Amino acid sequence: MEKYETHTHDVIVIGAGGAGLRAAIEASAEGASVGLVCKSLLGKAHTVMAEGGVAAALANVDTKDDWKVHFHDTMHGGKMLNNWRMAELHAQEAPDRVKELEHWGALFDRTKDGKIMQRAFGGHTWKRLAHVGDRTGLEMIRTLQDKGIHSGMDVYMECTITHLIKDGERISGAFGYWRESGRFVLFKTKAVIIATGGIGKAYKVTSNSWEYTGDGQALAYEAGADLIDMEFVQFHPTGMVWPPSVRGILVTEAVRGEGGLLTNRNGERFMEKYDPERMELSTRDVVARSIYTEVMEGRGSPHGGAYLDISHRGAEYVKKKLPSMYHQFMEFAEIDITKEPMEVFPTTHYMMGGVRVDADTAGSTVPGLFAAGEAAGGMHGANRLGGNSLSDLLVFGRRAGLGAAQYANELRDNTLKIDDVELEKAAHEMTRPFENAEGENPYTVHQALQDAMGAYIGVFRTKEKISDGIEEIQVLKDRASQLRIEGSRMFNPGWHLCKDLKSMLIVSEAIARCALQREESRGAHSRVDFPKYDNEKWGNVNSVISKDNGAMKLGTSPLPQMPEELRKIVEGGHK
Amino acid sequence: MAVVKMRVYRGDSNGGAEKEYEVPLEEGMVVLDAIHFIQANYDGDLAVRWNCKAAKCGSCSAEINGMPKLTCKTRLDTLPLDKPVTVYPVKTFPIIKDLVTDVSWNYMVRKMIPPFTPARDMKRVMYQEDVERCQEFRKCIECFLCQDVCHILRNHDKKNEFFGPRMFIKIAELEMHPLDTLDRKEFLRSQAGLGYCNITKCCTEVCPEHIHITDNAIIPLKERVADTYFDPLQWLLDKFKGSPNQ
């Protein structure tokens, strides 16, 4: 085997968005030697694009808010499929995590009396989202980045992990390549934290960046961990529609939080039909289906969307509270949102499912493997509330850092072995596309996958469509096993895509199989052939994906039982 | 369908040349779309950095028709299309391959800046007017276009003595942070090389976030340094008061 570089750490964190950075900071604080590995430059992860805010019951604006109401809202938003313990920890710990950011230098917008400002968002009973205009994610990632680089961790930028290595049942290493040179690198480690984010690039119309290719879910699956709830893909109701270049780019929910109105081509506020009580601030699953239905039934805008109007709030207010939306529409679409409405349509945004973890430690079913943030499943159930992902990153990023550091510390000396044969196999899998004399262009196969996922496993699903989708994915898997690459291994995006494509195919198959299995509609999973909740059969189970003898195994497992006092909060009056 | 001619720099540290591609023009198309089209249809190994494609991450900086810009934010219909559009890597940093350059120097010097240091009993009450000045600097997406265009880095390559505009707004943000307790004036003067800046405002002009780098960050920092180190009156006063700066 060719020469490769080796680094040794107690904990390797894969992914440097909010969850990864927060995990790395915590593990470092626990005395672990931490390596933070990311596909891009530091500070460019998808968290940077989060806009509306971070949900935490600080009760700065609506003083009646507390963790119980936040817990209640999260469980209802998730249609009761959430892991109750995760939802509980999240609601209880989010306020401290937000205040901690302030201690590390974050500057949130302020209330008149000098506290952190909070805004309304869909599904949240009270004004709960701490924010900085509409660039909250940037504020968060910069704060964590500044804290992180002075916390003693080593940062390995532009490095892709392709394989996790195990010694028996335990994680012992992570193998990958430098994007710049294409050379291989091995990280010997006692624990790995997966914080790789989502899967949006399996779809064509998405708000996600190129990095969101399901790497973490696929690595965990290959290493033998369970994935849960993979059928629950959140379609954000408001993505840009026009021009084609920006189709899918996010229009923050803060537009609706600040009073934005949705109308169809006839000028009707159609949310009256779908959720008259909450209207535009209904949950994302409901608003996405409503816009989709309006357009499919012929009441869409000229470019096939709904109108979203914020101009009535006045130019000064809009520019102050939604500055990046103002610039985004002005520069990309030549639309002045202080004067005219936007056109919006659902866009693939967030994966509720992911690696099955223990709520308290973020440990997966594989010893030494942890997961946090979007890559982990359970916290958000069948539908995530806006603002709950940034708080999720902080709460469970910290817990994963703690959990992994404690696990690593208990192992004391690193006597774990790395199997050379396994490394050689991993390396050969990576170099094979250069050896193929004939084969397909990875970009072509990727586009075909994106088309298939949009067409077969989108907002509304049927048995026939999903089955066709699964068949198509099998064909694409064959095509992806025969790819051919031009050029050298030096910064070669076509080559990088080969591995990303493998990850996307694994998560796409998992999404499709879970979607076919769940014969009901719940949250983001809408089956036209099973349009209602089926609480008896599906209300108390998670879908579970695992690897069994090289094939994808599908099953269910019962939801963890919620204690009585929490059940009372969920069922009782929440105000 | 209308076609755009793109001339993209292909090469690495050993040299390279422009390569011409024809790309079909779609409404609203940006330069990065054209680069993606080239990757998918002509040269899969064309190297470019990008992430969000929404002007929020600052990854895709390049020099388009000689101007430092974000490729994701530069619409082709704003450029003269009767001649080819040229796309080159940013000039100030060493090339790795094609449009990708080695910007690690920025990460290295950034780590040298003394970090945010609040008082032990940090108060939490801050008013909007207290935070607004720093919020402007915290909009920075670290695209390093200001570093690229700054002649002290670009033409004089003073990387050992001068941190550049991006780092000055970072320091300004810390210096003006209502809760920070450190004094970075000596650092600014002796290590970050603030004195080299002769306020030509090139950085402000290329900032995609429209941050007033020169007026709101660099000039106030220069004034603070000058007041402390070069004001004779202040020097006399400090001498009598026994200021730690003397």
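Helices, meaning H or I runs of at least four residues, and strands, meaning E runs of at least two, are taken here from DSSP and numbered from the N terminus. With that settled, P243(A) can be placed in the loop between β11 (233–240) and α6 (254–257) of chain A. The peptide bond joining W242(A) to P243(A) is cis, with omega about 0 degrees.

Before going on, the conventions. The model is a predicted one, in which local features need pLDDT of at least 70 and side-chain atom pairs count only at pLDDT 80 or more, while totals for chains, interfaces and linings use all residues. Residues are numbered from 1 along each chain as its sequence is written, and chains are lettered from A and ligands numbered from 1 in the order in which they are written.

I stay with the backbone of chain A. Two residues there have a positive phi without being glycine. One is E158(A), with phi near 50 degrees, in the loop between β6 (154–156) and β7 of chain A. The other is A362(A), at about 65 degrees, in the loop between β15 (354–355) and β16 (369–371) of chain A.

Are these residues buried or exposed? The term needs its cut-offs: a residue is buried if 20 or more other C-beta atoms lie within 10 Å of its own, exposed if 12 or fewer, and partly exposed in between, with C-beta atoms placed from the backbone. E158(A) has 21 C-beta neighbours inside 10 Å and therefore counts as buried. A362(A) has 30 inside 10 Å, so A362(A) counts as buried too.

After the E158(A) loop comes strand β7(A). Seven of the nine residues of β7(A), which covers 159–167, are buried, so the strand is largely enclosed by the rest of the structure. β7(A) pairs in the antiparallel sense with β8(A), residues 170–178, over eight bridges; two strands pair if DSSP finds at least two bridges between them. I161(A) has G176(A) in β8(A) as its bridge partner. The hairpin has two residues between the strands, and G168(A) takes a positive phi near 65 degrees there.

Helix α5(A), residues 215–222, is similar in burial: seven of its eight residues are buried, so α5(A) is largely enclosed by the rest of the structure. Among the buried residues are D215(A), Q217(A) and Y221(A). Just after this helix, G224(A) takes a positive phi of about 100 degrees.

Next, the domains of chain A. The bounds, which come from an automatic or database domain assignment, are 238–346 for domain 1 and 432–558 for domain 2. Their C-alpha centres lie 30 Å apart. Five residues of domain 1 and four of domain 2 make the contact, where two residues are in contact if their C-beta atoms, placed from the backbone, lie within 7 Å. Helix α8(A), residues 284–296, gives the most to the domain 1 side, with four residues.

In chain B, domain 1 is 3–101 and domain 2 is 104–241. The separation of their centres, over C-alpha atoms, is 31 Å. Here the contact takes 12 residues from domain 1 and 13 residues from domain 2. The domain 1 side has six nonpolar, three polar and three charged residues. In that count Ala, Val, Leu, Ile, Met, Phe, Trp, Tyr, Cys and Pro are nonpolar, Asp, Glu, Lys and Arg are charged, and the others, Gly among them, are polar.

One helix of chain B deserves a slide. α9(B), residues 213–229, has 17 residues and reaches 23 Å from its first C-alpha to its last, close to the 24 Å expected; the expected span is 1.5 Å times one less than the number of residues. Where is the kink in α9(B)? A kink of about 25 degrees lies at I219(B), shortly before the proline P220(B). The bend at a residue is the angle between axes fitted to the seven residues ending there and the seven starting there. I213(B), T214(B), A217(B), I218(B) and L221(B) are buried in α9(B). An α-helix has 3.6 residues a turn, so residues three or four places apart point the same way. The cover over the buried residues of α9(B) includes α3, α6 (165–175) and α8 (202–206) of chain B.

Last, the interface between the chains. It takes 43 residues from chain B and 47 residues from chain A. On the chain B side, α1 (31–41), β6 (95–97), α2 (104–112) and α3 (128–137) each supply at least two residues. The largest share, four residues, comes from α3(B). By class, the chain B side divides into 22 nonpolar, eight polar and 13 charged residues.
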